[in-house]
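Biologist: I have a new model open and want to read it feature by feature. Where do we begin?

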Amino acid sequence: MSEWRNWSGDQRCTPSHVARPATVAEVSALVERATAAGTTLKAVGAGHSFTDIALTRGIQLRLDGMSGLLTVDRVAKLATFGGGTRLHEIPALLEPYGLAMENLGDIDQQSVSGAISTGTHGTGLKFGGLATQVRALTLVTGTGEVLQCSESENAEVFAVARIGLGALGIITSVTLQCVDAFMIHAVERPEPLADVLESLAERNTTLDHFEFYWFPHTQMALTKTNTRHAPGALPAGVGPLSARAHLVDDVLVSNTLFAALCNVTAKVPSIIPRVNQMASALTGNREFGDASHKVFATTRTVRFREMEYALPLASIPEVLAELDAMIKRCDLRVSFPVEVRSAAADNIALSTTNGQQTGYIAIHQHINTQPFEYFKAAEKIFRSHSGRPHWGKWHFLQSNDFAELYPDLGKFCKVRDVLDPKRVFSNAYLDRVLL
């Protein structure tokens with residue numbers, strides 16, 4: 001078998017076999033055979049997780065043959081998709097019905113089942129992560145049983161399976177609560193970091209979607225404010241980016257030039273502070289409007305590793321100050337900006353926003369730069385503020401750590417014992433993080 005790699009290229013495995021089922025019955029049969037043979041089976045989506053959550057030496061299951069729009073209820077605004085459907089495919093599938101996903105992250109290459117299983121999220125204090133949009137799902141358990149799960153059917157499973165880490169079964173379809181299609185008015189501006197932090201609480205409360213990127217070794221931040229509008233209701237004079245602006249800003253500067261700079265700074269770290277000063281001046285400072293998915297998601301061609309922690313919302317300014325002090329104290333050179341977002345509280349067992357309004361801080365390093373001194377030092381700061389790591393991004397925690405962070409972890413593991421008693425869906429990551 002050939003080696004499989006994730007998007008960033010640093011997580012690798014060689015499965016014993018790759019299966020590409022086209023029906024739920026085929027998935028069920030594959031699970032039954034794997035269980036009988038005493039091997040493991042792991043579904044993989046687009047490989048956009050930075051952790052080893054998708055790795056397996058057993059059977060690798062690819063759900064590309066189970067994708068697309070299966071059913072839609074325009075009145076209830078419910079749409080059901082095959083588990084292998086990529087997020088970037090969904091807007092075109094919903095367009096004929098005048099519907100859209102309520103919120104998205106800034107990358108849309110993931111499969112819908114993989115995105116919800118790892119707790120993928122966007123930004124905006126009025127909105128939860130993608131898993132909060134799920135109204136039903138079809139799950140093939142470790143015994144091969146096919147469960148229909150919702151708040152009214154197998155509710156105990158549904159309560160934990162929306163963010164299931166791939167530990168509870170194979171998600172073959174997902175029903176999403178959609179909204180009427182909408183436009184976004186986007187304003188991107190460089191601002192002094194101090195001003196952003198001073199007004200952060202107000203912006204999070206009053207704006208639809210707000211996020212910012214702080215460039216280490218500078219006191220500048222790139223702010224992104226997205227305001228929702230009905231189709232045709234954008235402010236006068238606001239329209240899509242021109243082809244030239246998209247080419248220059250999103251392709252040449254944000255990807256091509258940034259990739260070249262990262263390759264240079266990986267070899268000459270001493271110039272990173274000057275490069276960051278230049279980057280904070282060059283990027284951002286534009287205004288445009290477009291369909292929601294075209295604004296939420298961006299193209300990323302520069303490969304990197306990422307760690308992201310969910311933190312109590314009010315702690316964000318203090319955590320950033322500690323992060324800045326740590327970078328200076330350890331004399332680190334950090335070329336990638338630090339991303340800050342927010343999300344509403346929810347009641348999903350293993351959601352990073354379970355029970356609390358949340359601020360997210362994501363740190364990155366170029367794939368050619370050794371990240372672990374930076375990541376481990378940052379994680380100490382995040383943990384001191386009761387941070388919860390994103391399940392699909394770098395962290396160094398184990399099951400005992402998660403037991404302290406998630407009151408419902410025991411409940412989740414009891415459901416797992418019932419659904420996958422022989423651990424057909426296990427791998428090293430799940431063995432490490434679950435009880």
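Modeller: With a cysteine. This is a predicted model. Cys 13 has 8% relative accessibility, and the cut-off for buried is under 20%, so Cys 13 counts as buried.

Biologist: And Cys 413: what is its nearest cysteine sulfur, and how far away is that sulfur?

Modeller: The nearest is the sulfur of Cys 149, 17 Å away. A disulfide needs two sulfurs within 2.5 Å, so Cys 413 is in no disulfide. The structure holds zero disulfides. Cys 413 also counts as buried, because its relative accessibility is 7%.

Biologist: Cys 413 sits in a helix. How do I read the faces of a helix?

Modeller: Start from the repeat. An α-helix has 3.6 residues a turn, so residues three or four places apart point the same way. Now take α13, residues 409-419. Its buried residues are Leu 409, Phe 412, Cys 413, Val 415, Arg 416 and Leu 419. Viewed down the axis of α13, they fall within an arc of 160°, so they line one face.

Biologist: Which residues of α13 are exposed on the other side?

Modeller: Lys 414 and Val 418.

Biologist: What do the buried residues of α13 pack against?

Modeller: Two strands and three helices: β9, β10, α4 (155-161), α12 (399-405) and α14 (428-433).

Biologist: Next, the nonpolar core. How many residues does the largest one have?

Modeller: It has 90 residues. Look for those with the most contacts inside it: Phe 212, Leu 323, Ile 361, Ile 363 and Leu 434. Leu 434 takes us back to α13. Among the residues Leu 434 touches are Leu 409, Phe 412, Cys 413 and Arg 416. Leu 434 also touches Leu 165, Ala 167, Leu 350 and Ser 399. A second core, separate from the largest, has 14 residues, including Leu 61, Met 66, Ile 170 and Val 424.

Biologist: Now a sheet. In what order do its five strands lie?

Modeller: Read across it: β6-β7-β11-β9-β10. The sheet is open, and the pairing is antiparallel.

Biologist: Which strands stand at the edges?

Modeller: β6 (69-73) and β10 (146-150). Each has a single partner strand, so one side of each lacks a neighbour in the sheet. From one strand to the next, the twist averages 15°.

Biologist: How many bridges join β6 to β7?

Modeller: Four, and the two strands run antiparallel. β7 spans residues 78-82. Leu 69 has Phe 81 in β7 as its bridge partner.

Biologist: Where does helix α1 lie?

Modeller: Helix α1 (residues 24-37) lies across β9 (134-140), β10 and β11 (170-177). It runs at about 50° to β9.

Key: Residues numbered from 1 in each chain as written. Predicted model: local features only at pLDDT ≥ 70, side-chain atom pairs only at ≥ 80, totals over all residues. Heavy atoms only, no water. Buried < 20%, exposed > 50% of the residue type's maximum accessible area, 1.4 Å probe, protein only. Core = buried A, V, L, I, M, F, W, Y, C linked by side-chain atoms within 4.5 Å. Contact = heavy atoms within 4.5 Å. Pairing = 2+ DSSP bridges. Axes fitted to C-alpha atoms, helices over the stretch in contact; angles between N-to-C directions. Arc of directions from axis to C-beta.
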